[in-house]
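Work through the exercises below with the model open. Try each task before you read its solution.

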Amino acid sequence: MPLLLEGNGLPYGIPIHPNLVHLTLGLFIVAIAFDIVAALYPLEKPIFKFLAIPVTSAGLYDVGWFNMVAAAIITFFTVAAGFYEILLADPPDDVLSPWGLNATDTMVWHGLGGVLLLALIVGMTIWRGFQRYLWREDRARQVEWSYLISGLLIFGLMFAQGTLGAHLGADFGVHVTADRLIYAGLDPNRIDKDPADQALTNPPKVGSRETGPKD
């Protein structure tokens with residue numbers, strides 16, 4: 001099995017998609033969470049006042065809106081990186097995930113789920129924008145309850161999508177360096193390290209650090 005530059009099946013050392021996934025998740029979750037807190041602000045206001053926390057519902061809604069916009073933007077790159085890395089994947093075909101799927105089926109469902117999530121996040125962003133600037137511009141509660149419920153339902157889809165991604169890494173070793181090397185019949189412990197790693201694990205011996213004239 002041919003290995004690319006970094007041993008993980010990719011031309012770079014750290015996979016991009018898993019890192020962007022966490023940005024998508026974090027931004028979307030924060031967006032919905034802050035909108036929920038803002039929608040419940042009339043009930044929470046005494047608590048904020050008691051704790052001397054200078055919070056306004058408008059500020060909470062701002063956080064929700066801008067995080068949703070950021071989630072929509074970053075998810076395009078998340079999905080693009082995911083498809084690129086799937087195309088370079090070479091997983092074993094004799095392993096099943098805890099859900100009973102082989103690697104190919106897992107990648108297909110994960111890819112379809114990514115496209116669906118992208119569409120849903122973009123749709124939620126557009127929906128949120130209409131509420132913010134047109135439908136509910138002059139209302140105290142800037143978001144509809146149906147919008148918040150939809151966001152919570154998307155959390156469930158994100159959980160399923162994240163589990164499929166975890167299966168790809170943990171069960172099939174997709175783009176996991178040590179797993180790919182073992183699958184290729186190599187011993188990760190015997191792979192040559194770069195000079196920096198060698199210097200850290202086996203520093204060269206140096207002479208005495210004493211200075212000055214000797215007797």
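The exercises go from the overall fold to helix packing, then to aromatic pairs and single residues.

This is a predicted model, in which local features need pLDDT of at least 70, side-chain atom pairs count only at pLDDT 80 or more, and totals for chains, interfaces and linings use all residues. Residues are numbered from 1 along each chain as its sequence is written, and side-chain values use heavy atoms, with hydrogens and water left out.

**Exercise 1. The fold**

Task: State how many helices and strands the chain has, and what share of its residues is buried.

Solution:
- Start with the definition: helices (H or I, at least four residues) and strands (E, at least two) are DSSP runs, numbered from the N terminus.
- Count them: the chain has seven helices and zero strands.
- Along the sequence the pattern reads α-α-α-α-α-α-α.
- Now burial. Buried means under 20% relative accessible area, exposed over 50%, and partly exposed in between (1.4 Å probe, protein chains only).
- Of the 215 residues in the chain, 34% are buried.

**Exercise 2. Helix α1**

Task: Compare the expected span of α1 with the distance between its end C-alpha atoms, then list its buried residues.

Solution:
- The expected span is 1.5 Å times one less than the number of residues.
- With 23 residues, α1 should span 33 Å; its end C-alpha atoms lie 33 Å apart, so the two agree.
- The buried residues of α1 are H17, L20, T24, L27, F28, A31, I32, D35, A38 and A39.
- As background, an α-helix has 3.6 residues a turn, so residues three or four places apart point the same way.

**Exercise 3. Three helix pairs**

Task: Describe how α1 packs on α3, α3 on α4, and α4 on α5.

Solution:
- Two packed helices are described by the angle between their axes and the distance between the axes.
- Axes are lines fitted to C-alpha atoms, for helices over the stretch in contact; angles run from 0 to 180 degrees between N-to-C directions.
- Angles under 35 degrees count as roughly parallel, over 145 as roughly antiparallel, 65 to 115 as roughly perpendicular and the rest as oblique.
- A crossing is left-handed if the near helix is turned anticlockwise from the far one by less than a right angle, and right-handed if clockwise.
- Contact classes: Ala, Val, Leu, Ile, Met, Phe, Trp, Tyr, Cys and Pro are nonpolar; Asp, Glu, Lys and Arg are charged; the others, Gly among them, are polar.

Take α1 and α3. Their axes are 7 Å apart, at an angle of about 160°. The two are therefore roughly antiparallel. Their crossing is left-handed. The contact has 22 nonpolar, eight polar and two charged residues.

Next, α3 (residues 57-87) and α4 (residues 103-135). Their axes come within 9 Å and cross at roughly 155°. That makes α3 roughly antiparallel to α4. This contact divides into 18 nonpolar, six polar and three charged residues. α3 passes α4 in a left-handed crossing.

Last, α4 and α5. The angle is about 155°, with the axes 9 Å apart. These helices are therefore roughly antiparallel. α4 passes α5 in a left-handed crossing. Their contact holds 15 nonpolar, 11 polar and one charged residue.

**Exercise 4. Aromatic pairs**

Task: Classify the pairs F28 with F155 and F130 with W135.

Solution:
- Rings of Phe, Tyr and Trp (its six-membered ring) pair if their centres lie within 6.5 Å; planes under 30 degrees apart count as stacked, over 60 as edge-to-face and the rest as tilted.
- The whole structure yields four aromatic pairs.
- F28 and F155 have ring centres 5.9 Å apart and planes at 80°, so this pair is edge-to-face.
- The pair links distant parts of the chain: F28 in α1 (residues 17-39) and F155 in α5 (residues 145-170) are 127 residues apart.
- F28 is buried at 0% relative accessibility, whereas F155 is partly exposed at 26%.
- F130 and W135 are stacked, at 5.2 Å centre to centre with 15° between the planes.
- F130 is partly exposed at 36%, and W135 is partly exposed at 46%.

**Exercise 5. Three single residues**

Task: Place Q131, T56 and H17, and say whether each is buried or partly exposed.

Solution:
- Q131 sits in helix α4. Its relative accessible area is 0%, so Q131 is buried. The C-alpha atoms of Q131 and V143 are 6.1 Å apart, with their positions 12 residues apart along the chain.
- T56 lies in the loop between α2 (41-50) and α3. At 47%, T56 is partly exposed.
- H17 belongs to helix α1. At 16% relative accessibility, H17 counts as buried. The C-alpha atoms of H17 and V79, 62 residues apart along the chain, are separated by 7.5 Å.
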